Amino acid sequence: MAKPAQGTRYRGSIHDHPDFDPGQDAEALYNAMKGIGSDKEAILELITSRSNRQRQEICQSYKSLYGKDLIADLKYELTGKFERLIVGLMRPLAYCDAKEIKDAISGIGTDEKCLIEILASRTNQQIHQLVAAYKDAYERDLESDIIGDTSGHFQKMLVVLLQGTREEDDVVSEDLVQQDVQDLYEAGELKWGTDEAQFIYILGNRSKQHLRLVFDEYLKTTGKPIEASIRGELSGDFEKLMLAVVKCVRSTPEYFAERLFKAMKGLGTRDNTLIRIMVTRSELDMLDIREIFRTKYEKSLYSMIKNDTSGEYKKALLRLCGGDDDAAGQFFPEAAQVAYQMWELSAVARVEMKGTVRPANDFNPDADAKALRKAMKGLGTDENTIIDIITHRSNAQRQQIRQTFKSHFGRDLMADLKSEVSGDLARLILGLMMPPAHYDAKQLKKAMEGAGTDEKALIEILATRTNAEIHAINEAYKEDYHKSLEDALSSDTSGHFKRILISLATGNREEGGEDRDQAREDAQVAAEILEIADTPSGDKTSLETRFMTILCTRSYPHLRRVFQEFIKKTNYDVEHVIKKEMSGDVRDAFVAIVQSVKNKPLFFADKLYKSMKGAGTDEKTLTRVMVSRSEADLFNIQQEFIEKYDKSLHQAIEVREAGAGAGGLPCRMAHLCRATRCASFVPKQIQGLGPGL
């Protein structure tokens, strides 16, 4: 078996083959390629079931027995992607990396993504082996070739990484951590322009353990994750390289899970990337990559490969994957712990929640009221002025404007706005003008009125609001509709789903910290109700009630501990199991609670992404989230959006705006245009986003 580092457990998917006989394997491969055609099935079966070390012995035996080069014969017999994959497996890892880099810098143009992936992710030892392999294979100096094919700060960082001199001491100096945080802050955020040399030195040389602490302290000191500063201060391939370094410092398996997902999502497959990663990580950390992939993308790596590839190429990739995490029993305790640590990194308790709409400086409600009156007076409506004022005032300031408007003009500002704007723009503007609790109450009312119920809206609001927000919503609902929210929910929903919603609507979630003993008991209840515990200890009805109580009333810090204890007990992710074992609205409600506990901004980032995904836009969801989170945590939602979807929320909305505006008048010029244009235009005003975010 390929040997893991001392003190660690092997996390590869390919193992040494038992009873290995290189001579026998060499003969089997020779026979598979003898005569007309070749037995591709036999070739892939044999090569994907041997470790890289064993494949090198097979190559030697093949040359001894037949006087021929095995890799040359495989190249001759095989074609296309399957040939590239099999030949890649036959090379030692360092020579495989050397070949990938040679291909990346040969010919016209450079494959910068390949250079970034390899040099940002390899250890010092792997870098040294790569440099030696490149010299041996091509009789050229890798550093000289990189310098000849790249330029600027991108080139400088690549050269630093090529030295393979990253510190490896896990003993971290707190003083040095603080100094590096200050140096990075002064080199970027506090400086006119950017001191790229500081970023290169610190990110290119410090140990991973040290850098993780630097990233944590940077967030505490500046209120921004280091990734946000890199995006704001750097650009182009240099920016991409530095972000890749940060991702690999945080979690190399997570970096590769993301690369694999992007290689297969959408139309077409980036086969070179897929092959390179599956070959080079199959004996290092493929099990960790698989588990993180399953947690992050809600599907197994195995199933995505299966649906995205074909033929012997597919069969070989699936063998390298090593198993399907959607199949029973395919879970790995160490990787599950890595996945939990991933949630902890972005836990709400560690990040200051920030909105993007803040109180306006030099606020003058009298001037704003007059400006709004003028914008709505006479023929036509000045929508730009309305948008500009309303989206640049806090909700408290908007309420003052409403009062001043009535005092000055004896008119209801909400009624005037309703008569002057229409469609989705009206929904957005009027939503911003309502106090948050009354806005949420109205959204709940709309979700329950008429034919059918918008269960997703009910879940989104009730599963994510704090106790104080829930209590305010109850009061607003009673005031506006002369009926209790509980009665309304009872009339419009049923069964377990009704019980969950009513429990959430009471706003009785505990607000203390975690209780480890209680967390272990709660995790056992979860394991039993989800039918994966070894020894059930209670009737199912009682367990269901207890499980609902746990998710609906325990504090967020406590639930995070419950989820960790659940992993220790079962090796499963509770969210994954709920999705697999439950169904319908009950499943959706529980999943929303779990996701909100794990990372509420990410939950809303997913909601926004799905509202704009595919043909058409779910304007109601888009508007509801943008309005309700604009002063709560929209800044954090932006960060999660760009991390997960590799584009900013601003860009996603701009794309929607451009698509909606094709062939018609811009919404800034006429309020009678299609509602989708208006709704697409306005949210970026709410975000307060500049072009760089």
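His 482 is found in the loop between α28 (467-481) and α29 (485-492). Its phi is near 55°, a positive value in a residue other than glycine. The model is a predicted one. The structure holds 48 salt bridges, and the count of aromatic pairs comes to 16. The points below take up backbone angles, salt bridges, a covered helix, aromatic rings and surface charge in turn.

**Residues with positive phi**

- Most residues other than glycine have a negative phi.
- His 482 counts as exposed because its relative accessibility is 68%, and the cut-off for exposed is over 50%.
- Asp 362 also has a positive phi, of about 50°, although it is not a glycine.
- The loop that holds Asp 362 runs between α20 (333-345) and α21 (365-376).
- Asp 362 is exposed, with a relative accessible area of 78%.

**Salt bridges between helices**

- Arg 259 forms a salt bridge with Glu 117, and the closest N and O atoms are 2.9 Å apart.
- Arg 259 lies in helix α15 (residues 236-264) and Glu 117 in helix α7, so this pair ties together parts that are 142 residues apart in sequence.
- Arg 259 counts as buried at 18% relative accessibility, because buried means under 20%.
- Glu 117 is buried too, with a relative accessible area of 0%.
- Arg 259 and Glu 117 belong to a network of salt bridges that also links Arg 84, Lys 99, Glu 100, Asp 103 and Arg 276.
- Another salt bridge joins Lys 81 and Asp 271, with the closest N and O atoms 3.9 Å apart.
- Lys 81 lies in helix α5 (residues 80-90) and Asp 271 in helix α16, so the pair ties together parts that are 190 residues apart in sequence.
- Lys 81 is partly exposed, with a relative accessible area of 40%, whereas Asp 271 counts as buried at 16% relative accessibility.

**A salt bridge within one helix**

- The side chains of Lys 220 and Glu 217 meet in a salt bridge, at 3.6 Å from N to O.
- Both residues, Lys 220 and Glu 217, lie in helix α13 (residues 208-222).
- Lys 220 and Glu 217 are three residues apart, about one turn of the helix.
- Lys 220 counts as exposed, at 60% relative accessibility.

**A mostly covered helix**

- Helix α16 (residues 271-281) is mostly covered, as ten of its eleven residues are buried.
- Among the buried residues of α16 are Leu 274, Ile 275, Ile 277, Met 278 and Val 279.
- Charged residues are also on the list of buried residues in α16, including Asp 271, Arg 276 and Arg 281.
- Two of these residues take part in salt bridges: Asp 271 pairs with Lys 81, and Arg 276 is part of the network that includes Glu 117 and Arg 259.

**Aromatic rings**

- A pair of aromatic rings is described by the distance of the centres and the angle of the planes.
- The structure has 16 aromatic pairs.
- In one of them, the rings of Phe 603 and Phe 604 have their centres 5.2 Å apart and their planes at 75°, so the pair is edge-to-face.
- Phe 603 is buried, with a relative accessible area of 7%.
- Phe 604 is buried, with a relative accessible area of 0%.
- The rings of Tyr 609 and Tyr 645 have their centres 3.7 Å apart and their planes at 5°, so this pair is stacked.
- Tyr 609 lies in helix α35 (residues 584-612) and Tyr 645 in helix α37 (residues 634-645), so the stacked pair ties together parts that are 36 residues apart in sequence.
- Tyr 609 is partly exposed, with a relative accessible area of 22%, while Tyr 645 is buried, at 11%.
- Tyr 30, Tyr 62 and Tyr 66 form one aromatic cluster.

**A positive surface patch**

- Lys 113, Lys 240, Lys 265, Arg 270 and Lys 647 form a positive patch on the surface.
- Within this patch, Lys 113 has its place in helix α7 (residues 112-121).
- Lys 113 is partly exposed, with a relative accessible area of 47%.
- Glu 117, a member of the salt-bridge network, also lies in helix α7, but Glu 117 is buried.

Definitions and conventions: Residues numbered from 1 in each chain as written. Predicted model: local features only at pLDDT ≥ 70, side-chain atom pairs only at ≥ 80, totals over all residues. Heavy atoms only, no water. Patch = residues over 30% accessible without salt bridge, like charges linked within 9 Å, V, L, I, M, F, W, Y side chains within 5 Å. Areas by Shrake-Rupley, 256 points an atom, 1.4 Å probe, with all protein chains shown as cover. Salt bridge = Lys/Arg side-chain N within 4 Å of Asp/Glu carboxyl O. Charge placed at Lys NZ, Arg CZ, Asp CG, Glu CD. Helix = DSSP H or I, 4+ residues; strand = E, 2+ residues; numbered from the N terminus. Buried < 20%, exposed > 50% of the residue type's maximum accessible area, 1.4 Å probe, protein only. Phe/Tyr/Trp six-rings, centres within 6.5 Å; stacked < 30°, edge-to-face > 60°.
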